[in-house]
Amino acid sequence: SLEEMWLYEEALRGGDLLVRTRLAATVRRLAHSGILTEVVAIVGAGTRAERLGRHLRQTRPVSIDLLGVFDDTPRAPASSVPLAGSIDELIELGKTRHIDWIFLTLPLSEEQQVLSVVNRLKSLSVSIALCPRNLGLCTPYYMIDYVGDDVPVALLRARPQQRWSTALRSVGQFLPRWITTL
């Protein structure tokens, strides 16, 4: 609204404490009313869908509106998450309700199924992402590195640093940048 825009501009200009307090209260009210939330749907039942749902509820309980898990196959008996519906029902829901993200938790080994589901969901004009395999696991994934500059890999353990490499880095901090570049 116009008042909210005015509050925001005044706070940016360095307005007084009252303006900043009103702006914080307005943002908090908008977040609790659902305007500042992201609507997320999960496609593919199973343990990865359970971990993703639990992770979203624990890390961002106010800013995430989780629609549920959608899948065409009957859910596995070990799964404790109830299905919200089929993929066709998700597509129908997406026609009437705004959805920000759709996460696929389908196994990547079933490439044809993943491509088929993505083609069906393209009609919604929604961002579709693959759920990371390691989400919610205790496996120590430290960082992403690249093999051949184009194949991303998750490092479980980095190569130990050589003595000369460590010494060069520590000396490089004190040298002028042009010498380091040379």
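These legends walk you through four close-up views of a predicted model.

**View 1. A nonpolar patch on the surface.** Here you can find Val 27, Ile 35 and Leu 36, which together offer about 270 Å² of accessible area. Ile 35 sits in the loop between helix H2 (17-33) and strand E1 (38-43). With a relative accessible area of 58%, Ile 35 is exposed.

**View 2. The two sides of helix H5.** Val 114, Val 117 and Leu 121 are the buried residues of helix H5 (residues 111-121). They lie on the same side of H5, because their arc around the axis is only 70°. Turn to the other side of H5 and you meet Glu 111 and Gln 112, which are exposed. The cover over the buried residues includes E1, helix H4 (87-96), strand E4 (101-104) and strand E5 (127-130).

**View 3. A salt bridge between Arg 97 and Asp 65.** This is one of four salt bridges in the structure, and its N to O distance is 2.2 Å. Arg 97 belongs to the loop between H4 and E4 and Asp 65 to strand E2 (residues 64-70), so the pair links parts that are 32 residues apart in sequence. Arg 97 is partly exposed at 34% relative accessible area, and Asp 65 is partly exposed at 26%.

**View 4. Salt bridges of helix H4.** Asp 88 pairs with Arg 120, with 2.9 Å between the closest N and O atoms. Asp 88 is in helix H4 and Arg 120 in helix H5, so this pair ties together parts 32 residues apart in sequence. Lys 95 and Glu 92 also form a salt bridge (3.2 Å, N to O); both lie in helix H4, three residues apart, or about one turn of the helix. Salt bridges with shared partners join Asp 72, Asp 88 and Arg 120 into one network.

Definitions and conventions. Residues numbered from 1 in each chain as written. Predicted model: local features only at pLDDT ≥ 70, side-chain atom pairs only at ≥ 80, totals over all residues. Heavy atoms only, no water. Patch = residues over 30% accessible without salt bridge, like charges linked within 9 Å, V, L, I, M, F, W, Y side chains within 5 Å. Areas by Shrake-Rupley, 256 points an atom, 1.4 Å probe, with all protein chains shown as cover. Salt bridge = Lys/Arg side-chain N within 4 Å of Asp/Glu carboxyl O. Helix = DSSP H or I, 4+ residues; strand = E, 2+ residues; numbered from the N terminus. Buried < 20%, exposed > 50% of the residue type's maximum accessible area, 1.4 Å probe, protein only. Arc of directions from axis to C-beta. Contact = heavy atoms within 4.5 Å.
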